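Q: Please take a close look at the surroundings of one side chain in this model, and then carry the same kind of reading over to one helix.

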Amino acid sequence: MSALPHDIDVPSLDHAFATRLRQIIAKVGNASTLARRVGVSNSALTRYLAGSEPSRRVLMALADAADVSLEWLIRGTGRAQPWAPTDLPKTMTTLPLYRLAGKEPGVFGDAMPTIFRAQAFCSEWLRDQDLDSEHLAAMKMPGDAMRPTLSSGDIILIDTRQNQITDGRIHLITDHTRNLLLRRLQVHIGGQVRVLADNPDYNETTVDADQLTVLGLVVWRGAVLR
């Protein structure tokens with residue numbers, strides 16, 4: 001079992017710890033699997049996600065269960081970060097890369113699919129764009145609903161800090177059935193929202209704002225020029 005670094009103050013855990021905890025949930029598959037490996041109840045894991053501080057024993061068990069360093073789990077630093085090659089230059093930041101397929105738990109709570117790869121970004125570039133790697137997820141664009149703006153296979157960055165509707169922008173959303181969608185949102189007077197696909201082959205809908213949960217805002221895309 002991992003040893004606890006002597007200079008880590010467990011009570012200093014912050015909201016970023018919950019983000020890393022969601023990442024390791026995604027890595028092992030789901031919350032129930034992680035709870036079983038660690039030897040805690042699902043409700044205990046839910047409390048940790050909500051801000052309750054795990055004991056030293058639980059922290060070590062979490063790190064062991066997900067095969068990540070204890071320093072990374074607590075602080076978000078260290079060489080043994082999940083999904084990151086240990087020889088990655090210090091100027092680069094590695095983000096988990098997700099598939100939009102399913103309703104498994106992860107970075108976005110109960111509605112985020114599992115990680116299948118990693119994507120590296122320049123740390124200085126992220127800072128210049130006012131983007132915080134602790135609140136970013138990379139995703140491989142599925143399907144053609146947002147074509148021509150986003151094509152199938154494009155890599156997109158989602159800023160999870162921006163969980164309110166930004167009029168006219170593309171968001172990752174989930175509806176009352178917990179389906180994940182990438183759609184452009186337009187705000188109407190009276191609290192209604194138009195949910196639009198850029199591809200005209202897809203139907204648009206209009207719903208009350210409280211029927212949607214915004215999980216993040218699409219802030220960047222990368223594509224192969226053809």
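A: The side chain of Arg184 makes a polar contact with the side chain of Asp198 at 2.6 Å, a polar contact being a pair of N or O atoms within 3.5 Å in which, within protein, one can donate a hydrogen and the other accept it, and residues adjacent in sequence count only if both atoms are side-chain atoms. This is a predicted model, in which local features need pLDDT of at least 70 and side-chain atom pairs count only at pLDDT 80 or more, whereas totals for chains, interfaces and linings use all residues. Residues are numbered from 1 along each chain as its sequence is written, and side-chain values use heavy atoms, with hydrogens and water left out.

A polar atom of the Arg184 side chain also lies 2.8 Å from the backbone oxygen of Gly168. Arg184 itself sits in strand S6, residues 180–187, strands being DSSP runs of E with at least two residues and helices runs of H or I with at least four, numbered from the N terminus. Leaving aside residues up to four places away in sequence, Arg184 touches, among others, Met146, Thr149, Ile170 and Leu196, where contact means heavy atoms within 4.5 Å.

Turning to helix H2, residues 31–38, a side-chain oxygen of Asn30 reaches at its start to within 3.2 Å of the backbone nitrogen of Ser32. Thr33, Leu34, Ala35 and Val38 are the buried residues of H2, that is, under 20% relative accessible area with a 1.4 Å probe, counting protein chains only, and their cover includes helices H1 (15–28), H3 (42–49) and H4. Toward H4, Leu34, Arg37 and Val38 of H2 meet Arg57, Val58, Ala61, Leu62 and Ala65. After H2 comes Gly39, with a positive phi near 90 degrees.

Conventions. Axes are lines fitted to C-alpha atoms, for helices over the stretch in contact, and angles run from 0 to 180 degrees between N-to-C directions. Buried means under 20% relative accessible area, exposed over 50%, partly exposed in between (1.4 Å probe, protein chains only).
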